[in-house]
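The following paragraphs guide the reader through one helix and one ligand site. Please keep the sequence and the model in view while reading.

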Amino acid sequence: EKGGFRSFMDKEIHDQPHAVADTLLGRTDVRGRLVLDEVRISEDVLRAVDKIVVVACGTAAYAGHVAKYAIEHWCRVPVEVELAHEFRYRDPVVNARTLVVAISQSGETMDTLMAVRHAREQGATALAIVNTHGSTIPRESDAVLYTHAGPEIAVASTKAFLAQITATYLLGLYLAQLRGNMFADEVETILAELRAMPDKIQTVLDRSARVQEIARWMADTPSVLFLGRHVGYPVALEGALKLKELAYIHAEGFAAGELKHGPIALVEPGQPVFVVVPSPRGRHSLHAKVVSNIQEIRARGARTIVIAEDGDEAVVPFADEVFRVPQAPTLLAPLLSVVPLQVFACELATAKGLDVDQPRNLAKSVTVE
Ligand code: F6R
């Protein structure tokens, strides 16, 4: 049932091109317009939404964090992302014009469910992005957009994460079209780019031998830092979470722009630092800023492991190691850049002789507070 893979996690990492492709399947009508078939919320309500609040926990919350960049850019609606357990005890400002998006693989996470209940009591509309059919969160929501990642067995989430990002993007494009922020042809352009992602994810997987080799070399490292910026920031957080969960290594993710506000003090000779580099073709010269961060930490002795696009030569002089990903639009890049981080954590934990499918102290579905 592991399909020849050493672990369910390994298999699920390799299932990711399908998880994304299947989540995209059948979402457009004959005229090419987006239809999210399980969204039972009136278009008037969705047009009137003036704030989106994503509630989720763990990896699902990082998917929400990625979604914020895309949805705000496409729809011009403020998007807040909040850990469900913080949201519900905070007396959050939500009302009938708030769309609460609950993201959950299992659909059973108690904190996320309670956040949905609380928001709906305040009059908000709730949409669930969930992988497990028949689970509780979709039943208690006004609508559901299922991710089609297939069953995720390994405790640590991988393919569900990519499917969640994909689903939030479909939601963003749908809202942008509905609310008049985008024309159908603009939506179609981005959908075509999304549809090209499964092959690119496969390319990243095909290149994973080097990542695995480095992971095995690093099996004894006591700590790893992860840096990213813009959509690369939640990718860094997710990379750190995977390493904590699977390999029991102290790992932290930072926004690269925060480096000089504190974290750079952690950098000492030999400290491994992963850096998720934005596309050099992106806006706001973020690429140059992150390259200069790599330079700064390298000057302090960090061992820099860089995730960069094909053709990005600017990183080479400052990188001890470069993991290449195919070129992609900035907002879609997390679907690629997180993959080497998943492979790294899985391989390092395997090299340590750990059970990657059942990490200690963790449960697949957290149905208690
Ligand atoms: C991380 C992980 C957890 C879950 C979190 C939410 O690898 O598995 O952080 O993402 O417990 O679970 P769901 O998505 O089922 O609500």
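Of the 18 residues of helix 14, 16 are buried, so the helix is mostly covered, where buried means under 20% relative accessible area (1.4 Å probe, protein chains only). Helices are DSSP runs of H or I with at least four residues, numbered from the N terminus. Helix 14 covers residues 334–351, and its end C-alpha atoms are 26 Å apart; this agrees with the expected 26 Å because each residue contributes 1.5 Å, the expected span being 1.5 Å times one less than the number of residues. Just after helix 14, Gly353 adopts a positive phi of about 80°.

The model is predicted, so local features need pLDDT of at least 70 and side-chain atom pairs count only at pLDDT 80 or more, while totals for chains, interfaces and linings use all residues. Residues are numbered from 1 along each chain as its sequence is written, and side-chain values use heavy atoms, with hydrogens and water left out.

Around the ligand stand 13 residues, the closest being Ser104, Gln105, Ser106, Thr109 and Glu245; a residue counts as near if one of its heavy atoms lies within 4 Å. Helix 4 (58–75) and helix 12 (232–247) each supply at least two residues of this shell, and helix 4 gives the largest share, 3 residues.

Polar contacts, pairs of N or O atoms within 3.5 Å, also join protein and ligand. An oxygen atom of the ligand lies 2.4 Å from a side-chain N or O atom of Thr109, and a polar side-chain atom of Ser104 is 2.6 Å from a ligand oxygen atom.

How values were computed: A polar contact is a pair of N or O atoms within 3.5 Å; within protein, one must be able to donate a hydrogen and the other to accept it, and residues adjacent in sequence count only if both atoms are side-chain atoms. Buried means under 20% relative accessible area, exposed over 50%, partly exposed in between (1.4 Å probe, protein chains only).
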